[in-house]
Amino acid sequence: MAFSEIELKRIYKEVGGLCQRRSPACIKGKFSMEYRIKGHEVVIYSRRPRWDNPKEWIETPEAKMKYVRTSNIWQLFWPRANGRWVSYEPLSFSRDLRSLVEEVDKDPLGCFFG
């Protein structure tokens with residue numbers, strides 16, 4: 001079962017809010033943070049022009065949150081350099097999406113934004 005309208009609004013508010021805060025208007029057209037929903041996963045990624053071809057944009061995954069409906073929890077993952085998603089151990093899951101988004105925004109270990 002896909003996300004309900006209420007869940008989609010919550011994702012838009014929390015995750016969309018993070019992406020908007022991290023996409024300043026002064027660099028619009030040069031960088032943006034966005035998110036994509038696939039199934040029960042929400043992936044946050046950055047978009048920027050390629051250094052050698054500014055007309056081509058590249059997307060870099062920054063964080064992933066997966067909703068486990070049977071347990072009513074959200075899991076948090078960060079991308080390793082090899083492209084694999086790894087559970088974010090200081091806060092690997094929460095019942096509250098907001099707490100995971102706040103952890104991604106703070107990024108105390110530099111796992112999400114470096």
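Select Arg-10, Ile-11, Lys-13, Glu-14, Val-15, Leu-18 and Arg-21 in H1, then add Leu-97, Arg-98, Val-101, Val-104 and Asp-105 in H2; these two sets meet each other. The residues of this contact divide into 6 nonpolar, no polar and 6 charged. The model on screen is a predicted one.

Now show the two helices whole: H1 covers residues 5-21 and H2 covers residues 97-106. Their axes come within 10 Å and cross at roughly 10°. Angles under 35 degrees count as roughly parallel, which means that H1 is roughly parallel to H2.

**The whole chain**

Zoom out and colour by secondary structure. The protein chain has 2 helices and 6 strands, and along the sequence they follow the pattern α-β-β-β-β-β-β-α. The radius of gyration is 14 Å, close to the 13 Å that the globule rule gives for 114 residues, so the chain is as compact as a globular protein of that length. Along its principal axes the C-alpha trace spans about 45 × 30 × 25 Å. Buried residues make up 33% of the 114 residues. Of the contacts between residues at least 6 apart in sequence, 35% join residues at least 24 apart.

**The nonpolar core**

Next, select Val-15, Ile-44, Met-65, Trp-74 and Phe-112. These are the residues with the most contacts inside the largest nonpolar core, which has 22 residues. H1, strand E2 (41-49), strand E3 (57-68), strand E4 (73-79) and H2 each supply at least two residues of this core. In soluble globular proteins, nonpolar side chains tend to be buried together.

Stay on Ile-44 and show what surrounds it. Which residues is Ile-44 in contact with, leaving aside its neighbours within four places in sequence? From H1 and the residues nearby in your view, pick out Val-15, Leu-18 and Cys-19 among them. The contacts of Ile-44 also include Met-33, Glu-34 and Tyr-35, then Thr-60, Pro-61, Glu-62, Ala-63 and Met-65, and finally Val-104. Val-15, Leu-18 and Val-104 also belong to the contact of H1 with H2.

**Two buried residues to check**

Select Glu-7, which lies in helix H1. Is Glu-7 buried or exposed? Glu-7 counts as buried, because its relative accessibility is 16% and the cut-off is under 20%. Beyond its neighbours within four places in sequence, Glu-7 is in contact with Ala-2, Tyr-67 and Arg-69.

Then go to Ser-92, in the loop between strand E5 (85-87) and strand E6 (93-94). At 19% relative accessibility, Ser-92 counts as buried. Neighbours within four places aside, Ser-92 is in contact with Trp-74, Gln-75, Leu-76 and Ser-87. Trp-74 is one of the core residues selected earlier.

**Two backbone angles**

Most residues other than glycine have a negative phi. The last two stops have a positive one.

Select Asn-72, in the loop between E3 and E4. Asn-72 is not a glycine, yet it has a positive phi of about 55°. With a relative accessible area of 38%, Asn-72 is partly exposed.

Finish at Asp-107, in the segment after H2. What is the phi of Asp-107? Asp-107 has a positive phi of about 45°, although it is not a glycine. Asp-107 is buried, with a relative accessible area of 10%.

Terms used. Residues numbered from 1 in each chain as written. Predicted model: local features only at pLDDT ≥ 70, side-chain atom pairs only at ≥ 80, totals over all residues. Heavy atoms only, no water. Axes fitted to C-alpha atoms, helices over the stretch in contact; angles between N-to-C directions. Helix = DSSP H or I, 4+ residues; strand = E, 2+ residues; numbered from the N terminus. Parallel < 35°, antiparallel > 145°, perpendicular 65-115°, else oblique. Contact = heavy atoms within 4.5 Å. Nonpolar A, V, L, I, M, F, W, Y, C, P; charged D, E, K, R; others polar. Core = buried A, V, L, I, M, F, W, Y, C linked by side-chain atoms within 4.5 Å. Buried < 20%, exposed > 50% of the residue type's maximum accessible area, 1.4 Å probe, protein only. Rg over C-alpha atoms; globule rule 2.2 N^0.38 Å.
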